[in-house]
Amino acid sequence: MTPMHKMTTFIRSVSVLMIVIIVTAAVGISAPEPVYALDNGLARTPPMGWNPWQRFQCKIDEKLIKQQVDALVKQGLAGVGYKYVIVDDCWMMGNRDPEGRMIADYIRFPNGMKVIGDYIHGKGLKFGLYASRGILTCSAKMGSQEHEDIDARSFAEWGVDYVKYDNCPLIGSEEEIQRRYTNMANAIKKAGRPMIFSMAAYNFREWMPGIGHLGRTYGDISDDWGAMLRNFDENAGYARFQRPGYWNDPDMLEVGNGKMTPTEYKTMFTLWAISGAPLIMSSDLITIAKENLAILKNTQVIAVDQDSAGVQGVKIADSGNGLQVWSKRLAAKGSYAVVLLNRTDSEQTISVNWKDVDSTITRAQVSDLWSGGGGTYSTTFSAKVLPHGVVMIRIKRVG
Ligand code: GLA
């Protein structure tokens, strides 16, 4: 073979190799699975549970947590999937013990946190605990900075299944925030007990899906229509990052806290479900009104949230003056959840064109997840929607 031949053969082999690489990448045959730092098999669907913060803030203690756990079970909420009980800020002291371990507040939790974990586990539920990445928590208690390993070990000893990790005291560069969250993710990995890592750092960062299971996408929610929509809209911007094992978190559910109307709470619950958001209730489960309890227990809406495909719903139509349509692809073939959202102050008729949901659908079987109605519809579906209300349907392609 002449040098010229050798060169031509070499160029041909390289070209063939490149074509193979390009084709393989395009069809994704041998694309390696991405490796996630904390991919411990948890949170394959969005976590569901209860956290006292939005209702009780720091006014928590052993008695209150146990009573709320009892109510969670008694009210039938555990039975429909709410299983993580997450003790938020203020459970700890402002100092550490001589060995450097975090200690439970002597007055609020005199028997320590393992007792709380045992109680929660005794009811067949899971135990979540709050900590923060800086020197202090957001309520100025002890933070985990430079104590990540020892704290994660304590959490494992106490039976913690879920760590909510806050971003206080709000100082430090973006690089530092990432480093400190990563340190805790690694510490949890080493602690020998699988735990969900919920990152409450207010804004989404692209590194979050790589190191934990939940990432807050905006500041604290409040029991208010405008605040609720703001958190929902912001969360929607990161839909492409969501997958089983990583969930965008628009913050806790306010359902039952009393400042929004039942229609608005139904809207909130529906929007969280179409987002595939974590469903973390944060009201008083003992005194919650029946109609609000019924919202939290709608198993068909919960099923949309918990759908195994793990897709986050996206906006598919917008009138520009407050009438919107949102859609979420579901795991069952040809199935979607669709929400007609009326952000205005008057009743409106909202329509959805099947082709905007999926270009292959011309006819669909519809079931209304709040009213229980349904039927088969060609091309479009329209419904009257209350002010600040929603209509949520599940559809299946039949043509
Ligand atoms: C921050 C978080 C809240 C709550 C408080 C506790 O504000 O976003 O969810 O955990 O801290 O201090």
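In this predicted model, the largest cavity is lined by 13 residues, and those nearest its centre are Y162, K164, D249, M252 and I280. Its volume comes to about 110 Å³. Three strands, β6, β7 (196–200) and β8 (214–216), each hand at least two residues to this lining. Sorted by class, the lining of the largest cavity holds seven nonpolar, two polar and four charged residues. Spaces like this turn up when a probe the size of a water molecule is rolled over the atoms, which shows where empty space is left. In total, two cavities of 30 Å³ or more are counted.

The strands β6, β7 and β8 belong to an open sheet of eight strands, ordered β9-β8-β7-β6-β5-β2-β1-β10 and paired in parallel. At the edges stand β9 (247–249) and β10 (279–281); each has a single partner strand, so one side of each is left without a neighbour in the sheet. Direction ignored, neighbouring strands of this sheet are turned by 25° against each other on average. Looking at one edge, strand β1 (residues 48–50) runs parallel to β10, and three bridges join the pair. Here W50 stands opposite M281 in β10.

A couple of backbone oddities show up in loops that follow strands of this sheet. As background, most residues other than glycine have a negative phi, and most peptide bonds are trans. E146 goes against the first habit, with a positive phi near 65°; this residue sits in the loop between β5 (126–132) and α5 (148–158). The bond between C168 and P169 goes against the second: the peptide is cis, with omega about 10°. P169 is found in the loop between β6 (162–166) and α6 (174–190).

Now for the helices. Helix α3 (residues 62–74) packs with helix α4 (residues 113–122) at an angle of about 10°, their axes being 10 Å apart. Angles under 35 degrees count as roughly parallel, and α3 and α4 are therefore roughly parallel to each other. On the α3 side the contact is made by E62, I65, K66, V69 and D70, and on the α4 side by V115, I116, Y119 and I120. That gives six nonpolar and three charged residues in the contact of α3 with α4, and no polar ones.

A second helix pair is formed by α8 (residues 225–236) and α9 (residues 262–275), whose axes come within 11 Å and cross at roughly 10°. These two helices are therefore also roughly parallel to each other. From α8, the contact uses W225, M228, L229, N231, F232 and N235, while α9 brings E264, T267, M268, L271, W272, I274 and S275. By class, the contact of α8 with α9 has eight nonpolar, four polar and one charged residues.

Helix α9 has other partners too. It lies across β12 (323–329), β13 (335–342) and β18, running at about 145° to β13. Those three strands are part of another open sheet, this one with six strands in the order β11-β12-β13-β18-β15-β16 and antiparallel pairing. The edge strands, β11 (314–318) and β16 (374–378), each pair on one side only. Again with direction ignored, neighbouring strands of this sheet are turned by 30° against each other on average.

Two strand pairs give a closer look at this sheet. Strand β15 (residues 363–368) runs antiparallel to β18, with five bridges between them, and D368 stands opposite I393 in β18. At one edge, β11 and β12 pair in the antiparallel sense over four bridges, and A317 faces V325 in β12 as its opposite number. The hairpin of β11 and β12 has four residues between the strands, and in this hairpin G320 takes a positive phi near 90°.

Last comes the largest pocket, which holds about 180 Å³ of space. Among the 13 residues that line the pocket, K266, W370, L386, V390 and V391 are the closest to its centre. Helix α9 appears here once more: along with β17 (380–385) and β18 (390–397), it is one of the elements that give two or more residues to the lining. The lining of the largest pocket splits into six nonpolar, four polar and three charged residues.

Methods. Residues numbered from 1 in each chain as written. Predicted model: local features only at pLDDT ≥ 70, side-chain atom pairs only at ≥ 80, totals over all residues. Heavy atoms only, no water. Axes fitted to C-alpha atoms, helices over the stretch in contact; angles between N-to-C directions. Parallel < 35°, antiparallel > 145°, perpendicular 65-115°, else oblique. Contact = heavy atoms within 4.5 Å. Nonpolar A, V, L, I, M, F, W, Y, C, P; charged D, E, K, R; others polar. Pairing = 2+ DSSP bridges. 1 Å grid on protein atoms, 1.4 Å probe; cavity = no way out; pocket = protein on both sides within 12 Å on 5 of 7 lines; lining within 4 Å. Points joined across faces, edges and corners; volume = space filled by probe spheres on them.
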